[in-house]
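Hello,

Here is the structure we spoke about. My notes on one helix and on the chain interface follow below it.

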Amino acid sequence: MKVNCEQLLDYFNGTLSNEEKERFEAHLVSCEECREELKELEELTGDLPYLSIPEEPPAGMKERVLASVFESDTGTKSHTTNEKPKVEQTNNVATLQTDRKMKQPKWIAPALAAALFLSLTGNVYNFVSEGDGETSQPEDISSLVKAVQLQPSEAEASAGSAALMSEDGKMNLVVQVNDVAETEGDQVYQVWLLEGDKPYRAGYFTPNQEGKGEVAYEVEYEGDHDWDAVAITLEPDHTSETPKGKIVLSSGL
Amino acid sequence: MRELNDAELYSKVQAKNKEALSSLYDRYEKLLYSFSYRIVKDGGLAEEVMQEVFIKLWKGKAQYNEEKGKFSSWLLTMTRHTAIDLLRKQAKEPDYELDERDALHSEEASVEDQVEWKERGKVLRTAVSKLKGEQRKIIEMFYFKGMTHKRISEEFDLPLGTVKGRIRLALKHLKTSLSEKGGVSDESKL
């Protein structure tokens, strides 16, 4: 048996290094015996996945998985963790899979306009090419209720926008920020909706290395609410029920 | 409108259609999660496998075409590789205890809405229960734990050159035992 042929099992299991894998695939072209053995292995093991006992997928896994998939495009850190999330997060946060919410031109437009206005001399092209929503065709499914620019609390460079949108009778809050400071440890940026002076949790995020962050949150608080303001604070972790940190960005609604 | 088949959905995913990915996800969530769980034996890790699998699909890091056979088989293989990879990254010795549930016949072990899977699983478990312990173990280590050729030879104290033969034999026994039971159809559309 040639040395190469000995790698068949590891190739089948996907445990070869990339280089070894390429070499083995080249070998496969010329080695009929390996090709046949590989085919046989595939046939013989084809049923084995069904040996798995059906397990009930954890609640909210779809939202978490798809959110992290779509976030992987934007480079924003995912909220998906190993831990079993609390139900509240499971149902509300990171519902980015319905990406129309994120790519809704209607709310991107005011953000763009503001960016153009604020940085006529700046690199608008950057913003446009990274804005991620401008190239896709608008799908007019959700309607914009309100869009605002978020104002930084201090003389910081942070900027952001927030938009409330209704879709199928559900209210979604989409927040996007730029140039916020990095978080440390378990720290997260928590978004709040304020009614009077009462804060309601409205999603959280951690920014990527470029200081960009975004979150879409389905607002599901019982009863009628007339939101007065939206604010973002830096919290020690994602469990704060009321704001502990200072306000980083905010705006009236 | 008729439902799109897997390959059609897949090509839409390649064109970055998020709804297509969501449909594929719905179609395969339970099977892939259960299979991942069977390999990594941990819910959190199994979810991580799901995440990686769907990122690979989305980003086109793993490419499917019809030459590679059925989409479901390809997806299951990709999932298995991802799970094995994650196991290896855990950097701990993989435990290769036999999963006793593989040989259980009890109904509670296979309460499942997807009838075909249930049927298939039942037949498979019966067949597995007929294998010798040694053969079950080698299938477990090779297929579900992705142990290397070398590790298996050490574990079983076998010369490198005979490992492949042993694995093949164990798998063939399983297959024979399956076909005696009336077999498991390859045409299943699970």
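**Notes on helix α2 and the A/B interface**

One face of α2(A) is open: Asn18(A), Glu19(A), Glu22(A), Val29(A) and Ser30(A) are exposed there. Please keep in mind that this is a predicted model.

The opposite side holds the buried residues of this helix, which are Phe24(A), His27(A) and Leu28(A). They lie on the same side of α2(A) because the arc they cover around the axis is only 105°. As background, an α-helix has 3.6 residues a turn, so residues three or four places apart point the same way. The partners that the buried residues of α2(A) pack against are α1 (8-12) and α3 (32-45) of chain A.

The length of α2(A) also checks out. The helix runs over residues 18-30, and at 1.5 Å a residue its 13 residues should span 18 Å; the C-alpha atoms at its ends are 19 Å apart, which agrees.

Now the interface. On the chain A side 47 residues are in contact with 62 residues of chain B. About 5,200 Å² is buried between the two chains, and carbon and sulfur atoms give 60% of that area.

As for polar pairing, 24 residue pairs are in polar contact between chain A and chain B. Nine salt bridges are found across the interface. One salt bridge joins the side chains of Lys164(B) and Glu37(A), at 2.9 Å from N to O. On the side of chain A that touches chain B, the elements giving two or more residues are α1, α3, α4 (61-74) and α6 (100-103). Of these, α4(A) gives the most, with ten residues.

Regards

How values were computed
Residues are numbered from 1 along each chain as its sequence is written. Chains are lettered from A and ligands numbered from 1 in the order in which they are written. This is a predicted model: local features need pLDDT of at least 70, side-chain atom pairs count only at pLDDT 80 or more; totals for chains, interfaces and linings use all residues. Side-chain values use heavy atoms; hydrogens and water are left out. Helices (H or I, at least four residues) and strands (E, at least two) are DSSP runs, numbered from the N terminus. The expected span of a helix is 1.5 Å times one less than its number of residues. Buried means under 20% relative accessible area, exposed over 50%, partly exposed in between (1.4 Å probe, protein chains only). The arc is that of the directions from the helix axis to the C-beta atoms. Contact means heavy atoms within 4.5 Å. Buried area is the accessible area (1.4 Å probe) that two parts lose on being put together, summed over both. A salt bridge is a side-chain nitrogen of Lys or Arg within 4 Å of a carboxyl oxygen of Asp or Glu. A polar contact is a pair of N or O atoms within 3.5 Å; within protein, one must be able to donate a hydrogen and the other to accept it, and residues adjacent in sequence count only if both atoms are side-chain atoms.
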